[in-house]
Amino acid sequence: MPAYDAFLLVSFGGPEGPGDVMPFLANVTRGRNVPPERLAGVAEHYYAFGGVSPINQQCRDLLAAVRADFAANGLTLPLYWGNRNWTPYLADTVRAMTQDGVRRAVAFVTSAYSSYSSCRQYLDDIERARAAVGPGAPRIDKVRRFFNHPGFIEPFAGHVDAALATLPAEVRDDAHLVFTAHSIPVAMAEASGPAGEWGRYVAELTEAARLIAERTGAGAHRWSLAYQSRSGPPAQPWLEPDVRDHLGELAKSGTQAVVVVPVGFVSDHMEVRHDLDVEAAQTADALGLAFARAATPGTSPRFASMVTELVTERLALPGDLPGSEDAVLGDMGVPSQTCPADCCGGAR
């Protein structure tokens, strides 16, 4: 049994004031040659919300919920938090863990799926942080992916039902559920592992969307998967359809109401708040579609208890043994506890 002596929450990070916005965006896009005018345009999305992304506060809220759930279940691991792109930076957190005498930590990453950007990049950043600290840095093992865990699916289904209830009664029963996730290059999707036509990223998103739709409104609503927040050059193929284009197609087909479900995300960070609550909502209004957006699961009690369950599962399992079949829904099985060194390489 691994002798873990700490828990580490790893997240993306976000600015917490207007002065943080441009340095944060520089961190996110470092090495990608993004034009300054493009960064300035994205910065305006943050300034419209006071220069504050909600993601850091949601991480604090999740940590508080997990701490309480750990205590209720007899887990005594100290909790740490580190971000990839803003304070608290992951390397600083790993350094503090080292100074506190932590030797082996179990990590939970705020991303549920397979792909370079949603899994492998976090693993690489953890190893980069350990290397920056030096030989005394603790070993850090990431818990498995959780796209089909009941603690991820069930809160989403409850939030979809709540969103449906806000629609006008006369269109509610026929509302179309539009599940969204971050678009990535097609090459990155194909490199996310063998599954279906487009790789594991799309297969896992499709499975999660299906599981949520089955548990929403007695499973009676039509649903589809679309993508958002594309950021690459026009010549590079990315996953489609874009959510706003998809809303246009739905309106043409006679749809009168939609609930947009950000299934690709754990928390209401800026790409949810701007790309869906502002841009997609404006598109829907222009098309005459009744519109509602389902909340993400990241601060719900069931999601916090899922973190406890995943950590407990990892504590009990040696090596790469899978977890319990009781801890997944659907047909894709229990994701592996570890990833091969070359997994999800592909296009970055």
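Q: Before we look at names like α5, what are the helices and strands here, and where does their numbering start?
A: Helices (H or I, at least four residues) and strands (E, at least two) are DSSP runs, and they are numbered from the N terminus. Keep in mind that this is a predicted model.

Q: OK, so which element gives the largest share of the lining of the second largest pocket?
A: That is α5, which contributes five residues to the lining of the second largest pocket. Both α5 (116-133) and β4 (139-142) are elements that give two or more residues to this lining.

Q: And what volume does the second largest pocket have?
A: The volume of the second largest pocket is about 290 Å³. It is lined by 19 residues, and those closest to its centre are L123, I140, D141, K142 and C339.

Q: How many of the lining residues are nonpolar, polar or charged?
A: The lining of the second largest pocket has nine charged residues, seven nonpolar ones and three polar ones.

Q: Switching topic, at what angle do helix α10 and helix α12 pack?
A: Helix α10 (residues 243-252) and helix α12 (residues 275-287) pack at about 25°, and their axes lie 10 Å apart. Because angles under 35 degrees count as roughly parallel, α10 is roughly parallel to α12.

Q: Is the crossing left-handed or right-handed, and which residues make the contact?
A: The crossing of α10 past α12 is right-handed. On the α10 side the contact is made by V243, R244, L247, G248 and A251, while α12 brings L276, E279, A280, T283, A284 and L287.

Q: What about the classes in that contact?
A: Seven residues in the contact of α10 with α12 are nonpolar, two are polar and two are charged.

Note on methods. Residues are numbered from 1 along each chain as its sequence is written. This is a predicted model: local features need pLDDT of at least 70, side-chain atom pairs count only at pLDDT 80 or more; totals for chains, interfaces and linings use all residues. Side-chain values use heavy atoms; hydrogens and water are left out. Axes are lines fitted to C-alpha atoms, for helices over the stretch in contact, and angles run from 0 to 180 degrees between N-to-C directions. Angles under 35 degrees count as roughly parallel, over 145 as roughly antiparallel, 65 to 115 as roughly perpendicular and the rest as oblique. A crossing is left-handed if the near helix is turned anticlockwise from the far one by less than a right angle, and right-handed if clockwise. Contact means heavy atoms within 4.5 Å. Ala, Val, Leu, Ile, Met, Phe, Trp, Tyr, Cys and Pro count as nonpolar, Asp, Glu, Lys and Arg as charged, and the others, Gly among them, as polar. On a 1 Å grid over the protein atoms alone, a cavity is a set of points where a 1.4 Å probe fits but cannot get out, and a pocket is an open set with protein on both sides within 12 Å along at least five of seven lines; lining residues have an atom within 4 Å of a point. Grid points are joined across faces, edges and corners, and a volume is the space filled by probe spheres set on the points.
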